[in-house]
Amino acid sequence: GGGFIGFSSDRLTDEQRKQGGQSIEVARVALVFVVAEKMAPVDALTTQQVIDIYSRKTREWRPGLPIRLVRRPLAESDNFILMENIPQLRPLITALLDPNSEAGRGLPLANDAQENASYIEQYEQHPGAFGTSSTNMLITEKRALKPLKLDGREPSAANILNGSYPLQKPVLLITGKVVTPEMRSFITFVETSKASRDIFTQDRKSTRLNSSH
């Protein structure tokens, strides 16, 4: 049979590796905190403000506008990246997802990145919605989401490269045990071609040239 190829931000499990799964990191993108682009309540957060939102100490952007923090399943890569980079979020994310804890009461749960993005975009139905996404998703799916600066740092391609924006998500090329010659040449293309890297890492401004339909 032919091989398969896919993109993912989740590292392979030991089980997948045992079965011959292989992964190659082809790019790094920013994991970003996002709000709806229209009526965005803020354009930047500090790490401390993020911790206060996840601990539910801060529940409103301003009086009358709730922070609707969209929760994600615990095993999602976004949660791992947050917990690794901001250790204080570890117990908070766990509590938000614990059905026996008060912490997550009344907060939405999105089962995947698409559902999450759609919920946050719908600012009329869900004013004040807030969560995480990644710059490649904002670009490739043209999402109406505003990525927030973190501690004054823009989640730009340049800041990912120089490491000054800390929340980084790998884009992995995943293959199975069977790697056909065609797949091998595609992998080489992705690894070596600047064009393919730009697809994942370009800044959004360059995709905006023709946004007036």
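A residue counts as exposed when its relative accessible area is over 50%, and as buried when that area is under 20%. Keep those two cut-offs in mind as you click around this predicted model.

**Stop 1: the whole chain**

Start with everything shown as a cartoon. The protein chain has 9 helices and 10 strands. Of its 213 residues, 43% count as buried. Switch on a surface if you like: the chain exposes about 11,500 Å², and carbon and sulfur atoms supply 53% of that area. Contacts across the sequence are worth a thought too. Among contacts between residues at least 6 apart in sequence, 75% join residues at least 24 apart.

**Stop 2: lysine 142**

Now select lysine 142, in the loop between α6 and β8 (145-147). Is lysine 142 buried or exposed? Its relative accessible area is 63%, so lysine 142 is exposed, the cut-off being over 50%. Look at the backbone here as well: phi of lysine 142 is near 45 degrees, a positive value in a residue other than glycine. Most residues other than glycine have a negative phi.

**Stop 3: methionine 39**

For another positive phi, go to methionine 39, a residue other than glycine whose phi is near 60 degrees. You will find methionine 39 in the loop between β2 (22-36) and β3 (44-45). With 66% relative accessibility, methionine 39 counts as exposed.

**Stop 4: threonine 135**

Return to helix α6, residues 135-140, and pick threonine 135. Its relative accessibility is 12%, so threonine 135 counts as buried. Which residues does threonine 135 contact, leaving aside its neighbours within four places in sequence? Show Val29, Ala30, Val32 and Pro155 to see them.

**Stop 5: tyrosine 165**

Next, select tyrosine 165, in the loop between α7 (157-161) and β10. Although tyrosine 165 is in a loop, this residue counts as buried, at 0% relative accessibility. Draw a distance from its C-alpha atom to that of leucine 31: the two residues are 134 apart along the chain, and the atoms are separated by 9.4 Å. Leaving aside neighbours within four places in sequence, the contacts of tyrosine 165 include Ala30, Leu31, Val32 and Phe33, along with Leu150, Arg153, Glu154 and Pro155. Asn159 and Ile160 are in contact with tyrosine 165 as well. You have already met Ala30, Val32 and Pro155, as contacts of threonine 135.

**Stop 6: leucine 173**

Move along to strand β10, residues 168-175, and select leucine 173. Leucine 173 counts as buried, with 0% relative accessibility. How many residues apart in sequence are leucine 173 and alanine 27? They are 146 residues apart in sequence, yet 9.3 Å apart in space, C-alpha to C-alpha. Setting aside neighbours within four places in sequence, leucine 173 is in contact with Ile5, Gly6 and Phe7, with Gln22, Ser23, Ile24 and Val26, and with Phe186 and Ile187.

**Stop 7: glutamine 16**

Helix α1 covers residues 14-18, and glutamine 16 lies in it. Glutamine 16 has a relative accessible area of 37%, so this residue is partly exposed. Not counting residues up to four places away in sequence, glutamine 16 touches Arg11 and Gly21. Add lysine 177 to your selection: it is 161 residues from glutamine 16 in sequence and 9.8 Å away in space, C-alpha to C-alpha.

**Stop 8: helices α2 and α4**

Colour helix α2 (residues 47-54) and helix α4 (residues 89-97), whose axes come within 9 Å and cross at roughly 30 degrees. The two helices are therefore roughly parallel to each other, since angles under 35 degrees count that way. The crossing of α2 past α4 is left-handed. To see the contact, show Val50, Ile51 and Tyr54 of α2, then Leu89, Leu92, Ile93 and Leu96 of α4. By class, this contact has 7 nonpolar residues, with no polar and no charged ones.

**Stop 9: helices α3 and α4**

Keep α4 and add helix α3 (residues 77-85): their axes come within 8 Å and cross at roughly 145 degrees. From α3, the contact takes in Asn79, Leu82, Met83 and Glu84; from α4, Leu89, Arg90, Ile93 and Leu97. How do the residues of this contact divide by class? There are 5 nonpolar, 1 polar and 2 charged residues. Leu89 and Ile93 of α4 take part here and also in the contact with α2.

Technical notes
Residues numbered from 1 in each chain as written. Predicted model: local features only at pLDDT ≥ 70, side-chain atom pairs only at ≥ 80, totals over all residues. Heavy atoms only, no water. Axes fitted to C-alpha atoms, helices over the stretch in contact; angles between N-to-C directions. Helix = DSSP H or I, 4+ residues; strand = E, 2+ residues; numbered from the N terminus. Parallel < 35°, antiparallel > 145°, perpendicular 65-115°, else oblique. Left-handed = near helix turned anticlockwise from the far one by under 90°. Contact = heavy atoms within 4.5 Å. Nonpolar A, V, L, I, M, F, W, Y, C, P; charged D, E, K, R; others polar. Buried < 20%, exposed > 50% of the residue type's maximum accessible area, 1.4 Å probe, protein only. Areas by Shrake-Rupley, 256 points an atom, 1.4 Å probe, with all protein chains shown as cover.
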